[in-house]
Amino acid sequence: MIEKKLKQLSEEIEIPDTLKPEQIEQKLQHSKAGLQSRYARRFTTRLALGAACILLVAAVGNYLLASGILNHIPGPAAEQRPASQPESAVQTASPTQSREETATPKGEVYETLRQKIALDLESSRDCINYEYEYLAEAVPEKSKAADTAGSTANSTQRSSSKEYSGTNLQVQNVDEGDVVKTDGTYIYTSSADTFGSSIRIYKADGKNTKKLTELTVESVNISEMYLKDHFLVLVGSGWEKPSTSAKKKSSGASTENGIQQENTLVMVYDITDIENPKQTFRKNQSGIYSNSRISGNHLYTYSVMTAESAEKKDKPKCYIPSVGGSLVPEDRLVIPSGVSSHAYMVFTSLDITGGEDFTDSLSILGGDGICYVSEENIYIASPTADYTKTTISRFHYQDGKLTDNGEKTFRGKILNQFSMDEYEGKLRFVATTDNPDRTKTSNGLYVLDENMELLGKVDRLAKSERIYSSRFMGDKAYFVTYRETDPVFLVDLSDPSKPVVKDKLKIPGFSEYLQGYGEGLMLGIGSNISNDWDAQIKLTMFDISSDTNVREIHTKLLEMETYSLAGKNHKAILADPGKNLIGFAAESYEKNGKQKITYRLYSYDRKKGFKKLATLSPKDMDMSSARGLYIGEHFYLADGEGLGGIYVYDLNTFKQLAKVTK
């Protein structure tokens, strides 16, 4: 009976026009990334066949769920409108989906997951067993009165008598990890090598700066660090295969059923004695490290586990996430309705100041996504399987307790964490939406209420363009789209149910990063593109003092063929209006064509505009991990990956005072 029904389903499924070979061929020809791809034509037909298989598997999965063959935890299925609907992202969204878990016999949830994952793995092997080259489009990657972000020092750090800069944060009081940290007295750098990672601790003392100690963590790639009171927190992914020896059991990887699985490792050190740090916590969770935050005394870590096998019931660690060596309890596993995936989002919380184990854990079936964290909730924006829609999942956190708290699916894509913002209990976000045949785009701003239901929107903006940057400031939102010019939109959100576009400023180029820079000002860092497609870094200062318009008051163009990571990593930017410092690493090319990495520093005057303070040119600087920071009257350029250590400069003259090697 089942076989007959499956056969009938397979015969009824029709490949959509947009997935037919000739349509995919046309898209590949129009894709910038695909123009030079020697694989594009070769895999066009296979891609269409793979898409048809995916549709078949989806139908099979739905039938199995409906027939009770899989004991799926119930929840309303996502609804989708016909492809002919207008270009409005949330209009075509599925309704808010609850993820209520029912009372289930012990082991039943594990078995449900095993069967679902086995089905998804089998479909992946059977239907998508071909090479595939991702043809990506080239996209350069809060208080009520002012922007809450900036290069601010974390007030919870050990006290320092000197003024100093901290990590550039999106949300005040929600700390973000980075590869360089300071508490105003010491500077901490992280770097990876062939066998693991090294954490170096320097005493920041101007020309007398020196290295005090070095921590070596074998077989772990430390992604980010945190400082909290007298604790140093390290998070990253481990790769070593554990053995039966006690020494190896704390490794950041696990092996089950002959398959090595990468894990995320969380480590805490007591640095009261700065020259002799003592490890107080070291445990892992399944999956590759994705993101983390610190709020209060708790570290919240998010990893992504991809199940590799679900063949044997007695090998549950192959298909069920584990935390601290134990499987995530069944009552902390969430199976969203209608999801076909063999990847999990794995969350943990840890009391840094004295936790002997993770405070809480929560795991959701479904893949990776963009992470935004407010002072109350964690939001993950994950693309759907066909990459045409996005699901925003919300998880409430408080004192280490994690709660799955709703989701919303819409047609469109989110650029980065700055595309989302929570304000007075409501989520606001901006997104770019493709029309049904993916030949045109439009953009919009959307507001979800406390129940993750659509409350207000303004959309159909800047057609055939894409969002390149955004910033929410209280009841105002600013975002930039780009195609040939740089429209800067100002949206009034004072009535969240009726967002209103107040202004649309068109200027050349585009801003990839936006940040408030003192009273009534907003800094933009981006690029200016000439007719021959030569790029140059562009600094812009906007006047945002008016509620109804945005003005560009000053612009600074760097030399041609310069590039920065402004739109890719906000933590690489020093933007401190109090100290009047703007700093970032830049890539440029000399006349002989040789690449050169420098660190640029500027100040800003409301009358005269941007002023160049210095161009620092240390040898072998790595642009992605270089960080500029100030402590007292000294400026430090630190980079655990590329530099020979730390360069020290006078903050007033930027004269080099010292170089401290690794």
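Over how many bridges do strand E21 and E22 pair in the antiparallel sense? In this predicted model, strand E21 (residues 389-398) and E22 are joined by 9 bridges in the antiparallel sense. The account below begins with the chain as a whole and then returns to these strands.

The chain contains 4 helices and 43 strands. Of its 662 residues, 54% are buried. The accessible surface amounts to about 29,000 Å², and carbon and sulfur atoms contribute 47% of that surface.

Strands E21 and E22 belong to an open sheet of 4 strands, arranged in the order E19-E20-E21-E22 with antiparallel pairing. Strand E19 (370-373) and E22 each have a single partner strand and stand at the edges, so one side of each is left without a neighbour in the sheet. Averaged over the sheet, neighbouring strands are turned by 20° against each other, direction ignored. Strand E20 (residues 377-383) pairs with E21 in the antiparallel sense over 7 bridges, and Tyr 379 has Arg 394 in E21 as its bridge partner. On the pairing of E21 with E22, Ser 393 is matched with Glu 407 in E22, and Thr 390 has Phe 410 in E22 as its bridge partner. Strand E21 is largely enclosed by the rest of the structure, because 8 of its 10 residues are buried.

Both of these pairings are hairpins. Between E20 and E21 there are 5 residues, and Tyr 387 in the turn has a positive phi of about 60°. The hairpin of E21 and E22 has 2 residues between the strands, with Asp 399 in the turn at a positive phi of about 50°. Positive phi values also occur at two non-glycine residues in other loops. Asn 173 has a phi of about 75° although it is not a glycine; this residue is found in the loop between strand E2 (168-169) and strand E3 (180-182). Its relative accessibility is 52%, so Asn 173 counts as exposed. Ala 462, likewise not a glycine, has a positive phi of about 45° and is found in the loop between strand E26 (454-461) and strand E27 (466-473). Ala 462, in contrast to an exposed residue, is buried, with a relative accessible area of 10%.

Aromatic contacts were examined next. The structure holds 16 aromatic pairs. In one of these, the ring centres of Phe 410 and Phe 429 lie 4.8 Å apart and the planes stand at 35°, so the pair is tilted. This pair links distant parts of the chain, with Phe 410 in strand E22 (residues 401-411) and Phe 429 in strand E24 (residues 426-434), 19 residues apart. Phe 410 is buried at 1% relative accessibility, and Phe 429 is buried with a relative accessible area of 1%. The rings of Phe 635 and Phe 654 have their centres 5.9 Å apart, and their planes meet at 70°, so this pair is edge-to-face. Here too distant parts of the chain are linked: Phe 635 lies in strand E41 (residues 634-638) and Phe 654 in the loop between strand E42 (645-650) and strand E43 (656-661), 19 residues apart. Phe 635 and Phe 654 are buried. In addition, ring pairs join Tyr 302, Phe 347 and Phe 395 into a cluster.

Charged side chains form 25 salt bridges in the structure. Lys 181 forms one with Asp 175, the closest N and O atoms being 3.2 Å apart. Lys 181 is buried, with a relative accessible area of 6%, and Asp 175 is buried at 4% relative accessibility. Asp 357 forms a salt bridge with Lys 283, with the closest N and O atoms 3.2 Å apart. The two residues lie in distant parts of the chain, Asp 357 in the loop between strand E17 (343-351) and strand E18 (360-365) and Lys 283 in strand E11 (residues 278-286), 74 residues apart. Asp 357 is partly exposed at 43%, and Lys 283 is partly exposed at 25% relative accessible area.

A salt bridge is also formed by Arg 332 and Asp 360, whose closest N and O atoms are 3.0 Å apart. Arg 332 lies in the loop between strand E15 (326-327) and strand E16 (333-334) and Asp 360 in strand E18, so the pair ties together parts 28 residues apart in sequence. Arg 332 is buried, with a relative accessible area of 16%, and Asp 360 is buried at 10% relative accessibility. Finally, Glu 111, Arg 114 and Lys 313 are linked in a network of salt bridges.

Conventions:
Residues numbered from 1 in each chain as written. Predicted model: local features only at pLDDT ≥ 70, side-chain atom pairs only at ≥ 80, totals over all residues. Heavy atoms only, no water. Buried < 20%, exposed > 50% of the residue type's maximum accessible area, 1.4 Å probe, protein only. Phe/Tyr/Trp six-rings, centres within 6.5 Å; stacked < 30°, edge-to-face > 60°. Pairing = 2+ DSSP bridges. Axes fitted to C-alpha atoms, helices over the stretch in contact; angles between N-to-C directions. Areas by Shrake-Rupley, 256 points an atom, 1.4 Å probe, with all protein chains shown as cover. Salt bridge = Lys/Arg side-chain N within 4 Å of Asp/Glu carboxyl O.
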